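The paragraphs below lead a reader who is new to this structure from one of its turns to its helices and then to single residues. Please keep the sequence and the 3D view side by side while reading.

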Amino acid sequence: MLHVDNVDDSMVANNLTPYRFTHPGEIVKDELEDRGISQRAFAHAVGMSYSVLNEILNARRPITTNTALLFEAALGLPADVLMGVQTKYNLRTARKNSEIESWLQNIRKAVAVL
């Protein structure tokens, strides 16, 4: 966390939490659009079903290591970066889930008395 004197830490740019989390499919979708490649043409070229690709690009399905490697081979997007974005997306989504947060809070209370 960065600290700047006389400035609230939550207002420092590197400390900001994004309002909306980025799914790696959004990155791939932007890349396809920037290159003028249709989703159907791309899916056909890489041997992926259009519906699976579309679900990934619209953040309804996570990328896997295999799909990250496929995107790396086809588009030059580093697989490790895509997987890192997916992991952060998963963690942030889980932390927003009130049921999971309640479960974690109970665990913190139980461990605190040990």
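Just after helix α4, glycine 76 takes a positive phi of about 80°, and this is a convenient place to begin. The model is a predicted one, in which local features need pLDDT of at least 70 and side-chain atom pairs count only at pLDDT 80 or more, while totals for chains, interfaces and linings use all residues. Residues are numbered from 1 along each chain as its sequence is written, and side-chain values use heavy atoms, with hydrogens and water left out.

The helix that comes before this glycine, α4, spans residues 65–75, and its residues Thr67, Ala68, Phe71 and Leu75 are buried. Because these residues cover an arc of only 105° around the axis, they lie on the same side of α4; the arc is that of the directions from the helix axis to the C-beta atoms. Here buried means under 20% relative accessible area and exposed over 50%, with partly exposed in between, for a 1.4 Å probe and protein chains only. The face of α4 turned away from the buried side carries the exposed residues Asn66 and Ala73. As for what covers the buried residues of α4, the cover includes α1 (24–35), α2 (39–46), α3 (50–57) and α5 (79–96).

Alanine 73, which is found in α4, counts as exposed at 70% relative accessibility. Alanine 73 is 27 residues away from valine 46 in sequence, yet the two are 9.6 Å apart in space from C-alpha to C-alpha.

A comparable description can be given for α2. Its buried residues are Gln39, Phe42 and Ala43, and because they cover an arc of only 100° around the axis, they are placed on the same side of α2. The face turned away from that buried side carries the exposed residues Arg40, His44 and Ala45, whereas the buried residues of α2 pack against α1, α3 and α4. Just after α2, glycine 47 takes a positive phi of about 75°. Arginine 40 lies over the face of tyrosine 50, at 3.9 Å from the ring centre, where a charge sits over a ring if NZ of Lys or CZ of Arg is within 6 Å of the ring centre and within 35 degrees of the ring normal.

Which residues does histidine 23 contact beyond its neighbours in sequence? Histidine 23 lies in the segment before α1 and is buried, with a relative accessible area of 1%. Leaving aside neighbours within four places in sequence, histidine 23 is in contact with Ile56, Ala59, Arg61, Pro62, Val85, Gln86 and Tyr89, contact meaning heavy atoms within 4.5 Å. The side chain of histidine 23 also reaches the backbone oxygen of arginine 61 at 3.1 Å.

Seen as a whole, the chain has six helices and zero strands, where helices (H or I, at least four residues) and strands (E, at least two) are DSSP runs numbered from the N terminus. Buried residues make up 24% of the 114 residues in the chain. Among the contacts with a separation of 6 or more, 47% are accounted for by residues 24 or more positions apart. The accessible surface of the chain comes to about 8100 Å², of which 55% belongs to carbon and sulfur atoms.

Definitions and conventions. Areas by Shrake-Rupley, 256 points an atom, 1.4 Å probe, with all protein chains shown as cover. Polar contact = N/O pair within 3.5 Å; in protein donor to acceptor, adjacent residues only side chain to side chain.
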